[in-house]
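Please open the model in your viewer and keep the selection tool at hand. The tour below proceeds by selections, each followed by a description of what is found there.

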Amino acid sequence: MNWKAISAVVAIVAVAAFVWYVLERSATTVTEPPAPGDELVEDTKPVKTVKETLAVESDPEYQQKADSIVAPPTSVDNSDEKVREAAADLSEPMAAWLTPVEQIRKWVALVEQMASNKLPSRNLPVVYNKDSFLVIETEQGLIADPANYKRWDPLISTITALDPKQVAIYYKKWSPLLETSYNELGNPQSFDNQFRTTIEHMLFVEPIPANAKLKQPKVFYEYADAKLENADALSKWMWRLGPDNMAALQAWLKELQSYL
């Protein structure tokens with residue numbers, strides 16, 4: 001499976017500043033009781049929710065900063081140039097990885113998959129080249145070469161160098177565009193819900209034992225421990241970052257979450 005884009009998604013998606021819009025009309029609207037004979041039909045559709053106010057908006061300099069960032073385009077179509085401009089405003093190295101077309105739609109589709117702990121292998125929004133996965137043969141069996149973790153150092157260091165407050169401001173301003181693109185998928189949830197769910201999943205992942213044993217039944221390596229091998233794809237990718245990169249990414253996500 002191609003693991004090229006998962007972490008960068010959190011950063012660039014965060015490029016669009018957090019927003020929730022809570023549909024709670026029932027709490028403030030008085031409704032007439034049904035007429036005799038009328039049947040009540042329960043609406044079982046999930047309610048799309050987007051948070052109305054973010055913690056970052058309490059910052060005294062919020063409005064000034066919000067006015068100075070790259071404004072979102074008016075349409076999802078032909079929006080790639082604006083996406084890369086916004087990414088460059090946050091981080092030049094990150095912007096250099098955003099070479100595929102249809103950036104907004106691909107980020108939205110990626111987050112939709114990640115919210116279910118899945119990782120697609122095609123139509124990714126980021127090109128991040130890295131060395132091949134290496135293993136070491138020990139007396140106890142195969143283990144991952146610790147040098148593998150360094151493959152992810154540039155990506156994780158770039159993400160964690162982003163200002164979480166600035167990222168949250170971007171999400172706030174770009175959220176309507178992300179929701180518009182997400183609606184194209186026909187999912188009853190909101191993009192905001194799926195993005196928050198993805199962050200929660202990534203924060204929930206715990207480290208695995210050092211030098212976890214591997215096996216190679218076919219082409220790809222697998223964990224010898226069935227419990228580890230049966231874990232979801234998102235957790236496995238986090239483990240492949242290495243303990244230091246994983247901890248750094250989770251710490252950054254936690255700080256970002258505080259502005260949401």
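Helices in this tour are DSSP runs of H or I with at least four residues, strands are runs of E with at least two, and both are numbered from the N terminus. The model is a predicted one.

**The whole chain**

Begin by selecting the entire chain, which holds eleven helices and four strands. Of its 260 residues, 44% are buried. The chain exposes about 14,200 Å², and carbon and sulfur atoms supply 51% of that area. Consider next the contacts between residues at least 6 apart in sequence: 76% of them join residues at least 24 apart.

**The largest pocket**

Select Phe-133, Arg-151, Tyr-221, Tyr-223 and Arg-240, which lie nearest the centre of the largest pocket. The full lining comprises 33 residues, and the volume of the pocket is about 830 Å³. Now colour strand E4 (222–223), helix H10 (233–240) and helix H11 (243–258); each supplies at least two residues of this lining. Which element gives the most to the lining of the largest pocket? It is H10, with four residues. Colouring the lining by residue class will show 21 nonpolar, five polar and seven charged residues.

**The second largest pocket**

Keep H10 displayed and move to the second largest pocket, which holds about 260 Å³ of space. Select Glu-206, Ile-208, Ala-231, Ser-235 and Trp-239, the closest to its centre among the 15 residues that line it. Helix H8 (191–204), helix H9 (226–229) and H10 are the elements that give two or more residues to this lining. H10 again provides the largest share, here three residues. By class, the lining of the second largest pocket has nine nonpolar, three polar and three charged residues.

**Phe-195 in helix H8**

Remain with helix H8 and select Phe-195, which is found there. Is this residue buried or exposed? Phe-195 has a relative accessibility of 1% and therefore counts as buried, the limit being under 20%. Add Glu-112 to the selection and draw a distance between the two C-alpha atoms: they are 7.7 Å apart in space, although the residues are 83 apart in sequence.

**One face of helix H6**

Select helix H6, residues 153–160, and show the side chains of Leu-155, Ile-156, Thr-158 and Ile-159, which are its buried residues. Turn the view to look down the axis of H6: the buried residues fall within an arc of 160 degrees, so they line one face of the helix. An α-helix has 3.6 residues a turn, so residues three or four places apart point the same way.

**Two loop residues with positive phi**

The last stops concern the backbone. Most residues other than glycine have a negative phi.

Select Asn-78, in the loop between helix H2 (62–68) and helix H3 (80–90). Its phi is near 55 degrees, a positive value in a residue other than glycine. Asn-78 counts as exposed because its relative accessibility is 81%, the threshold being over 50%.

Finally, select Glu-102, in the loop between helix H4 (92–96) and helix H5 (103–114). The phi of Glu-102 is likewise positive, near 55 degrees. How exposed is this residue? Glu-102 has a relative accessible area of 37% and is therefore partly exposed.

How values were computed:
Residues are numbered from 1 along each chain as its sequence is written. This is a predicted model: local features need pLDDT of at least 70, side-chain atom pairs count only at pLDDT 80 or more; totals for chains, interfaces and linings use all residues. Side-chain values use heavy atoms; hydrogens and water are left out. On a 1 Å grid over the protein atoms alone, a cavity is a set of points where a 1.4 Å probe fits but cannot get out, and a pocket is an open set with protein on both sides within 12 Å along at least five of seven lines; lining residues have an atom within 4 Å of a point. Grid points are joined across faces, edges and corners, and a volume is the space filled by probe spheres set on the points. Ala, Val, Leu, Ile, Met, Phe, Trp, Tyr, Cys and Pro count as nonpolar, Asp, Glu, Lys and Arg as charged, and the others, Gly among them, as polar. Buried means under 20% relative accessible area, exposed over 50%, partly exposed in between (1.4 Å probe, protein chains only). Contact means heavy atoms within 4.5 Å. Accessible areas come from the Shrake-Rupley method with a 1.4 Å probe; for residues, only the protein chains shown count as cover. The arc is that of the directions from the helix axis to the C-beta atoms.
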